[in-house]
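Dear colleague,

I am passing a structure on to you, and I would be glad if you could look through it before reading my notes below.

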Amino acid sequence: MRKYLKKVLISIIFYNIFSQITLPCFAQTAEPYTKDEFPVFLKDLRRAEIVTLGSMPFITFSVSLGWSFGRYAYNGFDSNYFVNPFSKSSTSNFTTDEQIGIILTSLGISVGIGLTDYVYHVIKRNQKTKKIVPPKGKIIISPIQEDPKAQKLPPPIPDMDKEHKIGDEDTFDIIPIIEE
């Protein structure tokens, strides 16, 4: 046993010395990612993956609690059928079929949460990037004197920061846009 332990200890020391000498020779500093290095859909898929895998433990715990309460209620509230997930004893475990059912149910719910998050963010981003469609046809700008419906705007309210002389007639003309 001492011989084996001695060999293991020497191997660990040799490995540490060797790695300290050779790794700096091959190590390269990684370049940070640029903003446009990955397409947006890959970023969305990665987010959906993280949400799916991150929710899995919580969903599995919730499903196992629900499964144990369901089994307890299905068997007439007999305490022998209640599985306590906090119990360390092996007498109150789920059967293999129940464990498979719990894992598949929690996996389905987690994937549903991930897909919902993916679809929500795609729709949200697409609504932000909607472009205003310009009107079709020619746009004709006519002077205010030619349009009888046009009105002159009242002068703007003077800013307190700027000097405004009384009697200044600041007016702006309305330019109607006519589509043909």
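The notes that follow go through a helix, an aromatic pair and a surface patch.

Please keep in mind that this is a predicted model, in which local features need pLDDT of at least 70 and side-chain atom pairs count only at pLDDT 80 or more, while totals for chains, interfaces and linings use all residues. Residues are numbered from 1 along each chain as its sequence is written, and side-chain values use heavy atoms, with hydrogens and water left out.

Helices here are DSSP runs of H or I with at least four residues, numbered from the N terminus. The 33 residues of α3 should span 48 Å at 1.5 Å a residue (the expected span being 1.5 Å times one less than the number of residues), and this agrees with its end C-alpha atoms, which are 48 Å apart. Among the buried residues of α3 (buried means under 20% relative accessible area, exposed over 50%, partly exposed in between, with a 1.4 Å probe and protein chains only) are E98, G101, I102 and D117.

There is one aromatic pair, for which ring centres of Phe, Tyr or Trp (its six-membered ring) must lie within 6.5 Å, with planes under 30 degrees apart counted as stacked, over 60 as edge-to-face and the rest as tilted. Y72 and F77 form this edge-to-face pair, at 5.3 Å centre to centre and 85 degrees between the planes. Y72 counts as partly exposed because its relative accessibility is 25%, whereas F77, at 55%, counts as exposed. F77 lies in the loop between α2 and α3, and has a positive phi of about 60 degrees although it is not a glycine.

Finally, F41 is found in helix α2 and counts as partly exposed at 48% relative accessibility.

With kind regards

Terms used. Helix = DSSP H or I, 4+ residues; strand = E, 2+ residues; numbered from the N terminus.
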